[in-house]
There are 2 protein chains.
Amino acid sequence: MTVEESVTGTVAFMLGKLGQAATGRFADRLAPFGLRPRHCAVLELLTAGPQAQLALARTIGVTPSVVVDMLDELEELGALRRVRDTVDRRRQLIELTPDGHGLRRTAVRLAGETDEELLGGLTAEEAALLRRALGRMASASGIPAPG
Amino acid sequence: MTVEESVTGTVAFMLGKLGQAATGRFADRLAPFGLRPRHCAVLELLTAGPQAQLALARTIGVTPSVVVDMLDELEELGALRRVRDTVDRRRQLIELTPDGHGLRRTAVRLAGETDEELLGGLTAEEAALLRRALGRMASASGIPAPG
DNA sequence: TATTGTTATACTCTATAACTATA
DNA sequence: TATAGTTATAGAGTATAACAATA
């Protein structure tokens, strides 16, 4: 059965509303550390090793100018360094500092707290199913989601 | 187990990213009809009968000035009428026109199509579980979600 | 005084296009 | 010519604050 009788009960609509709320709550927790939700994907990608900016943009799924902005902010926090690539001098390799690794661990903790808040009304089993279903949706819909 | 080792794998983060993508795809389908996702909650609430603007704002969970904007747009589409309340002349009762009812039915259909696209990679059982879990989250987290 | 609706304004997030420096 | 990064700008979307009309 694919026919719905309401819009607000569809996954598309609820996902939008809940996503907005979830991002807002996560942002509230990150703010005291100078971080914002969108920074987190960058921190996470860089733990694997240095990356060029355009590579980051493509993997995360945002436009290059947004990456410049995010990196400016994270650099100001001392979370990363831009290192000019000696082979191709157009490129800058972005590498995490020790502070950056620390901020990532903080972000992981705060994201976990946000999850507990959001999932409080669900059983552990439901929460696990939800987590898996969201992951499946992301990859099936071709939504960039590193990790 | 509540401790995560990644941010991008948390429900909070995935919900944000997926919500953004879901809203975008729904918006693409609505655009040819002059509608936007946020209009849908208004259309749906008004099918039950006329409502004052502040009542709409509170139920939907947006600030009053946003409601003014949405109603301006929907009025221009011929989807609704503002009728001054004779009892309390500060109030305007918003009522759906026949065209408004038609637009709502269209929105329901398009939301269903968006769901099929988003849930394509999931089994029917998983989709049902996801729908229920999202509904539970919305009410448990106190997120305004009419319907 | 308080409330309904409105306007003006600002802030966040994202995207596009034009620019620079390198290749 | 093409690519990596940057800047400038614009467009959604939302929120706050001040305002007019009415209670």
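## Contacts with DNA strand D

A polar side-chain atom of Arg82(A) lies 3.3 Å from a phosphate oxygen of DNA strand D, a polar contact being a pair of N or O atoms within 3.5 Å. In this predicted model, local features need pLDDT of at least 70 and side-chain atom pairs pLDDT 80 or more, whereas totals for chains, interfaces and linings use all residues. Side-chain values use heavy atoms, without hydrogens and water; residues are numbered from 1 along each chain, with chains lettered from A in the order written.

Backbone N or O atoms also approach phosphate oxygens of strand D: 2.6 Å for Leu54(A) and 2.8 Å for Arg89(B). In chain A, helix H3 (53-60) and helix H4 (64-76) each give two or more residues to the surface near this strand; helices are DSSP runs of H or I with at least four residues, and strands are runs of E with at least two. A residue is near a DNA strand if one of its heavy atoms lies within 4 Å of it.

## Contacts with DNA strand C

Around DNA strand C there are 21 residues, of which Arg36(A), Ser65(A), Gln53(B), Leu54(B) and Gln92(B) come nearest. Sugar and phosphate make up 73% of the strand C atoms within 4 Å of the protein.

A base oxygen of strand C is 3.1 Å from a side-chain N or O atom of Arg90(B). For Arg82(B), a side-chain N or O atom is 3.3 Å from a phosphate oxygen of strand C.

Conventions:
A polar contact is a pair of N or O atoms within 3.5 Å; within protein, one must be able to donate a hydrogen and the other to accept it, and residues adjacent in sequence count only if both atoms are side-chain atoms.
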